[in-house]
Amino acid sequence: MSKSSRRAPRSAEAVRAGRRERARVGYARKSFTERYRGVLIGLAIVAGLGLLVTFLVSGATAKTYSCTQIWQPAPTPEPAPGQSPRLGYVQQDMGNRHNPDVPTRYTFCPPASGPHFDASRGGPIRAQVYGPDDYAPPQGWVHNLEHGGIVILYKGEVATDELIDQLREFYRTFPNSPICGFPPGQNGVGLVIARFDDMATPFSALVWDRVLPLETWDPDRVREFWLAEGERSNPEQQCQRPTPTPGPNQSAVPSGSAAPSGSAAPGGSPAASPASS
């Protein structure tokens, strides 16, 4: 029998002692951060991207204005005998200061006047139909009103695809402005259609200091409002106002007076280029 076969077996205590004497190797010596470094870095990147997306989305959707009150029209006095009632209601003027702080506070919403952006900050905005998710702040289109443009507002709750198609067709066939003859697509003085939720009715048509609230979409009534009230109250006139025709007991227009502005027939050319703000 060999010497190795005659070696006495080791006791259990000796085996356990030998195990304890072995050097521990591998990740047992690493800290938690060292073992999971890759996972922690990945989580940090995901969290950072999430915060960035949240910031960008909240910044894009945050309101740039606030309202002291939702405007409700005061009762309009009865017209004098032989006169037709005027469409729309007068809204108290809120001034026309440029480049206000953001968020901008309006006394009344929807605002038919008030502080607004100049060209360096995006006002007036482009004349067009804005979808329910498009950016069209009131500080931009209030400047359009100041120039004599018309703004039509709709609430997001009624903004179906069918309605947006109707509004685009309405824009395409909208008449030129009643005094200067500007087409609806004339930037700064034309037609703006946009979403605005802070109002008492689903729709509103606005010219400077005057509002036509609508419970339902009524294109014929809006056209009538525009032809009767457009370019008559805006503080920044964009063309020469026509001289009133003298009555039977009035003298004729004196020599050298300015001639009336051009026709406002639909499809015609503008009578004059809009003046800069």
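How many disulfides does a search of the whole structure find? In this predicted model, the search returns 2 disulfides. When the bonded cysteines of the chain are numbered in sequence order, their pairing reads 1-2, 3-4.

One disulfide is formed by C67 and C109, with an S to S distance of 2.1 Å. This pair links distant parts of the chain, as C67 belongs to strand β1 (residues 65–70) and C109 to strand β3 (residues 104–109), 42 residues apart. The torsion about the S-S bond of C67 and C109 is about -80 degrees, so the disulfide is left-handed. The two cysteines were also assessed for accessibility. C67 is partly exposed at 23% relative accessibility, whereas C109 is buried at 0%.

The disulfide of C180 and C239 has its sulfur atoms 1.9 Å apart. A value of -90 degrees about the S-S bond makes the link of C180 and C239 left-handed. C180 is located in the loop between α5 and β5 (191–195) and C239 in the segment after α6, so the pair ties together parts that are 59 residues apart in sequence. C180 is buried, its relative accessible area being 3%. C239 likewise counts as buried, at 12% relative accessibility.

The fold that carries these links comprises 6 helices and 7 strands. Along the sequence, the elements follow the pattern α-α-α-β-β-β-α-β-α-β-β-β-α. Of the contacts in the chain between residues at least 6 apart in sequence, 68% join residues at least 24 apart. The chain has 277 residues, of which buried residues make up 36%. The area exposed by the chain is about 16800 Å², with carbon and sulfur atoms supplying 53% of it.

Charged side chains were examined next. Side chains of opposite charge can pair when their charged atoms come close. The structure contains 7 salt bridges, one of which joins R172 to E169 with the closest N and O atoms 2.7 Å apart. Both R172 and E169 lie in helix α5 (residues 161–172), where a spacing of 3 residues corresponds to about one turn of the helix. R172 is exposed, with a relative accessible area of 60%, while E169 is partly exposed at 39%.

A salt bridge also connects the side chains of D220 and R223, at 3.2 Å from N to O. These residues are placed 3 residues apart in helix α6 (residues 219–229), so D220 and R223 are separated by about one helical turn. D220 counts as exposed at 56% relative accessibility, whereas R223 is partly exposed, with a relative accessible area of 23%. Elsewhere, salt bridges with shared partners join R86, R210 and E229 into one network.

The side chains of D197 and R195 meet in a further salt bridge, with an N to O distance of 2.9 Å. D197 is partly exposed, at 34% relative accessibility. R195 is partly exposed as well, and its relative accessible area is 32%.

Conventions
Residues are numbered from 1 along each chain as its sequence is written. This is a predicted model: local features need pLDDT of at least 70, side-chain atom pairs count only at pLDDT 80 or more; totals for chains, interfaces and linings use all residues. Side-chain values use heavy atoms; hydrogens and water are left out. A salt bridge is a side-chain nitrogen of Lys or Arg within 4 Å of a carboxyl oxygen of Asp or Glu. Helices (H or I, at least four residues) and strands (E, at least two) are DSSP runs, numbered from the N terminus. Buried means under 20% relative accessible area, exposed over 50%, partly exposed in between (1.4 Å probe, protein chains only). Contact means heavy atoms within 4.5 Å. Accessible areas come from the Shrake-Rupley method with a 1.4 Å probe; for residues, only the protein chains shown count as cover. A disulfide is a pair of cysteine sulfur atoms within 2.5 Å.
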